[in-house]
Amino acid sequence: MRTLIFIFSVLLLSSCERYDRPSAGNLQGEYVIDMVTFQKIDNNVTSDDTTYYPGSVYINPDEIYPMDTIKLGYTTWRFDYNIISMAPVLDGFGGKIWTKQYYIDMTSSSGWEDGYIEFMCEGTKRIFRVIDRQPESMTLRSSGQWPFANLGAKQEITLQLSRVGP
């Protein structure tokens, strides 16, 4: 009888499958924006594709502060558990004071994609798709905007970020 219970318990415990719920991933840390690719898409055809590299400045007159000007290699964003921080100011003691902070909603990843980051920035909703997520870098693509309503092309930006701090 004891061996029967032992065999039954071994079969029961060894046949269990561990269920792991997909998580949204840990984005915590400070990142510098290294590369920006700006695309104009008109009727599903990419009509203009401009890439900006470190040392250059990406300026979008259709955006609002703090996302209107990105100095590549210098502009930093910080991700915490549920906050994205932008526009840092040095405090004089080696630290930074983040002047713009927004609550983010990170949707969980699936087997096909790494998820989405959503936040409200100065009254407008921003959605970035996580294209690639590595331990020390990530690539985000905006959901796009139509600055001239339905009369113009959709504008998308792709951001390449590298982790620079905790």
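This is a short talk on the fold of one protein chain, taken from a predicted model.

Let's start with the whole chain. It has 166 residues, and 32% of them are buried. The secondary structure comes to one helix and 11 strands. What is the order from the N terminus? The helix comes before the strands: α-β-β-β-β-β-β-β-β-β-β-β. Now the contacts. Take those between residues at least 6 apart in sequence. Of these, 43% join residues at least 24 apart. The accessible surface is about 10900 Å². Carbon and sulfur atoms account for 56% of that surface.

Next, the inside. The largest nonpolar core has 26 residues. Which of them touch the most other members? They are Trp77, Phe79, Ile117, Phe119, Leu140 and Leu159. Several strands give two or more residues to this core, including E1 (29-42), E5 (76-79), E8 (116-121) and E11 (154-165). E1 gives the most, with four residues.

Look at Phe119 in that core. Leave out residues up to four places away in sequence. Phe119 then touches Met67, Ile84, Met86, Tyr102, Tyr103, Ile104, Thr124, Lys125, Arg126 and Phe128.

Now strand E5. In a regular strand, side chains alternate between the two faces of the sheet. What covers E5, one face or both? Both faces are covered. Thr76 and Arg78 are buried on one side. Trp77 and Phe79 are buried on the other. Recall that Trp77 and Phe79 are also among the core residues that touch the most other members.

Who are the partners of E5? One is E1. The two strands pair in the antiparallel sense over four bridges. Find Phe79 in E5: the bridge partner of Gly29 is this residue. Another partner is E6. E5 and E6 run antiparallel too, joined by two bridges. Here Arg78 stands opposite Ser85 in E6. E5 and E6 form a hairpin, with three residues between them.

On to two buried residues in other strands. Take Thr139 in strand E10. Its relative accessible area is 11%, under the 20% cut-off, so Thr139 counts as buried. What does the side chain of Thr139 make a polar contact with? The side chain of Gln160, at 2.6 Å. Beyond its neighbours within four places in sequence, Thr139 is in contact with Arg129, Val130, Ile131, Asp132, Thr158, Leu159 and Gln160.

The second is Glu156, in strand E11. Its relative accessible area is 10%, so Glu156 is buried by that cut-off as well. Set aside neighbours within four places again. Glu156 is in contact with Thr37, Phe38, Gln39, Ile41, Arg141, Ser142, Ser143 and Gly144.

Last stop: a loop. Ile64 lies between strand E3 (57-59) and strand E4 (69-71). Is Ile64 buried, partly exposed or exposed? With a relative accessible area of 31%, Ile64 is partly exposed, because that class runs from 20% to 50%. Now find Cys121. Ile64 and Cys121 are 57 residues apart in sequence. In space, they are 8.6 Å apart, C-alpha to C-alpha. They are also in contact. Ile64 is in contact with Glu122, Thr124 and Arg126 as well, leaving aside its neighbours within four places in sequence.

To recap: one helix and 11 strands, a largest nonpolar core of 26 residues, and a strand E5 covered on both faces. Thank you.

Terms used. Residues numbered from 1 in each chain as written. Predicted model: local features only at pLDDT ≥ 70, side-chain atom pairs only at ≥ 80, totals over all residues. Heavy atoms only, no water. Core = buried A, V, L, I, M, F, W, Y, C linked by side-chain atoms within 4.5 Å. Buried < 20%, exposed > 50% of the residue type's maximum accessible area, 1.4 Å probe, protein only. Contact = heavy atoms within 4.5 Å. Polar contact = N/O pair within 3.5 Å; in protein donor to acceptor, adjacent residues only side chain to side chain. Pairing = 2+ DSSP bridges. Areas by Shrake-Rupley, 256 points an atom, 1.4 Å probe, with all protein chains shown as cover.
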